[in-house]
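Please look through the structure shown here slowly, one part after another, with the sequence beside it. The paragraphs that follow are meant to be read with both in view.

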Amino acid sequence: MKYWQKPKETGDVNNLAELITSGVTNLLSDFLTVVGVAVIMFIMNAKLAAIVLLVVPVIFFGIMYIGRFMRKAYGSIREMSGKMNAGVEENLAGIRVVKAMSQESENKNSFEKLNMDAFKAQIKAAGATALIFPFMSFTSAISTALTVLFGGLMIINGESAVTVGVIIAFISYTNRFFVPLRNISQVYGVYQNAAASAERIYNYFQIPIKINSPKQAVKLNSPLKGEISFEQVDFAYEEGKNILDGFDLKLPEGQITAIVGPTGAGKSTLIRLIPRLYDSSSGAIKIDGIDVRDMKIQDIRKNVMLVSQEVYLFDDTIRENIRYGRLEASDADVEQSAIIACADDFIRKLPQGYDTQVGEDGGHLSGGQRQLIAFARAVLADRPILILDEATSSVDASTEVMIQKALDNLTKERTVLIVAHRFTTLRRAQKVLVLENGKIAGYGTHAELLCHCDLYQELYNRQWSSSDIQESV
Ligand SMILES: Nc1ncnc2c1ncn2[C@@H]1O[C@H](COP(=O)(O)OP(=O)(O)OP(=O)(O)O)[C@@H](O)[C@H]1O
Ligand SMILES: [Mg+2]
């Protein structure tokens, strides 16, 4: 089963489906019966019919009142169960952290609170739903009592149109009138549930898509070459808190540029702007002189491959995860890419080889193995511009060799931007960009920066000089 075929929580949509299957289909016949019976009663005896149907407005307003209460209760059920499901998912995804920090009882308590809130919301809604039936039975009984009472009085008063037979017929019609009316009321209850869900679904659709392709996009006739320029780029995740500030730099095509800088300097942020995962708040980013906002988003992403810091793998086989780089690729192409990305070796050593399930978010694989699979994906996608956010997690020496070999293959004949955490990666770059607080602290070759850039010297002395010495030994 492919990951996208696996069932997920879709409570809101299920509630809409339930509305269709639970009684809406009978609604028309119920409605016609109610109207038909009312007409017959009026034809038999208009006065008596009017008395019987006196309860209809009471029913109408009563059901409307209960319905409004139900709508609110169902709304809060959906909200509470959404929170509860998110809680379950988060606790399961972070189970290792929870255990390592021995926070089980803390997390259990906060989950129990969420669970209790959801339970209370359910009870409230169930209470409101349960009111409908007795309310309808009560009004139906009142109606029957009114028929007998007023019908009896009419006979006593000698009204010739009313006989015992008419009263008995009216009692039977009253029953026939209330059964479909009860069904309609119950569907109304289900409708309230569906309406609460529809409101939530509608709200999702109302979330504006901020990053769109332009209406008049620049047509690209050939693959991009990869000259990337940042022109006075400002960027903030939250208004007023600029992460990038007047960033201005031109990177020539075909070059390998490494980006280094302290944690939180904005390295990952900077590269996310190129394939428009985010848009800059001012300034422009251009590839081959074309503003990325003037290109079709699919065109940019067909040319720019972003391998992010945390590799995400789908809960599927290794083969399908690599194929995600190019869905139409054959098995042979997938394996060839794995060979180029130096992933083939370890994959073949696994008992099921390429058909090994990687587990949720690649949980069955090590950090290094996940990275090699991400590289294989990038090889398969084969895009002219490669942006790589190197994982910070350290790997063992032999995996490190594999990663470096894979990088050699991957960066050949492309424009490459690598956020580098390892010196071995840094060494293959022609130019290094040093980033500090979203600003350029230095840009040049390793040798130039060692002479002129204080921050680079500091980073180098602290992080890499020992590995440099080891490598040169
Ligand atoms: N999605 C986000 N929403 C809000 N703020 C964010 C988001 N991602 C990053 N930031 C903030 O932006 C700043 C830069 O983060 P960024 O991830 O670009 O750093 P980095 O240089 O890649 O660091 P590292 O070397 O640790 O990966 C940080 O202060 C961070 O808190
Ligand atoms: Mg980062």
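A residue is called buried if 20 or more other C-beta atoms lie within 10 Å of its own, exposed if 12 or fewer do, and partly exposed in between. Keep in mind from the start that this is a predicted model, and that the values below are computed from it.

With that definition, take Arg 428, which lies in the loop between helix H14 (423–427) and strand S9 (431–436). Arg 428 has 15 C-beta neighbours inside 10 Å, and therefore counts as partly exposed. If its neighbours within four places in sequence are left aside, Arg 428 is in contact with Ile 256, Leu 407 and Thr 411. By contrast, consider Ala 194, which is 234 residues away from Arg 428 along the chain, and whose C-alpha atom is separated from that of Arg 428 by 59 Å.

Strand S9, which follows that loop, belongs to an open sheet of six strands, whose order is S6-S7-S8-S3-S9-S10 and whose pairing is mixed. The edges of this sheet are formed by strand S6 (304–307) and strand S10 (439–444), each of which pairs on one side only. On average, and with direction ignored, neighbouring strands of the sheet are turned by 15° against each other. Within the sheet, strand S3 (residues 256–260) and strand S8 (residues 415–419) run parallel and are joined by four bridges; in one pairing to look for, Ala 258 has Ile 418 in S8 as its bridge partner. The loop between S9 and S10 holds Asn 437, which has a positive phi of about 50° although it is not a glycine. Asn 437 has 14 C-beta neighbours inside 10 Å and so counts as partly exposed.

Another pair of strands can be followed in S1 and S2. Strand S1 (228–236) and strand S2 (residues 242–251) run antiparallel, with six bridges joining them, and Val 233 of the pair stands opposite Phe 247 in S2. S1 and S2 form a hairpin with five residues between them, and in the turn Gly 240 has a positive phi of about 90°. Within strand S1 itself is Gln 232, whose phi is near 45°, a positive value in a residue other than glycine. Because Gln 232 has 13 C-beta neighbours inside 10 Å, this residue counts as partly exposed.

Now turn to the helices, beginning with H5 (residues 104–156). Helix H5 has 53 residues and reaches 77 Å from its first C-alpha to its last, which is close to the 78 Å expected at 1.5 Å a residue. Buried residues of H5 include Ala 118, Ala 121, Met 136, Ser 143 and Gly 151, and what covers the buried residues of this helix includes helix H2 (46–52), helix H3 (55–93) and H6. After H5 comes Gly 158, whose phi is positive, near 80°.

How do H5 and H6 lie relative to each other, parallel or antiparallel? Two packed helices are described by the angle between their axes and the distance between the axes. The axes of H5 and helix H6 (residues 164–206) come within 10 Å and cross at roughly 160°. Since an angle over 145 degrees counts as roughly antiparallel, H5 and H6 are therefore roughly antiparallel to each other. Their crossing is right-handed. Among the residues of H5 that meet H6 are Thr 129, Met 136, Ser 143, Thr 147 and Gly 151, while the residues on the side of H6 include Val 166, Phe 170, Thr 174, Phe 178 and Leu 181.

Between H6 and strand S1 there is a loop in which Lys 210 is found. Lys 210 counts as exposed because it has 7 C-beta neighbours inside 10 Å. Lys 210 and Tyr 278 are 68 residues apart in sequence, and 8.9 Å apart in space from C-alpha to C-alpha.

The last stop is helix H12 (residues 367–381), which has 15 residues and reaches 21 Å from its first C-alpha to its last, close to the 21 Å expected at 1.5 Å a residue. Helix H12 is mostly covered, with 13 of its 15 residues buried, and Asp 382, which follows H12, has a positive phi near 45°.

Conventions: Residues are numbered from 1 along each chain as its sequence is written. Chains are lettered from A and ligands numbered from 1 in the order in which they are written. This is a predicted model: local features need pLDDT of at least 70, side-chain atom pairs count only at pLDDT 80 or more; totals for chains, interfaces and linings use all residues. Two strands pair if DSSP finds at least two bridges between them. Helices (H or I, at least four residues) and strands (E, at least two) are DSSP runs, numbered from the N terminus. Axes are lines fitted to C-alpha atoms, for helices over the stretch in contact, and angles run from 0 to 180 degrees between N-to-C directions. The expected span of a helix is 1.5 Å times one less than its number of residues. Angles under 35 degrees count as roughly parallel, over 145 as roughly antiparallel, 65 to 115 as roughly perpendicular and the rest as oblique. A crossing is left-handed if the near helix is turned anticlockwise from the far one by less than a right angle, and right-handed if clockwise. Two residues are in contact if their C-beta atoms, placed from the backbone, lie within 7 Å.
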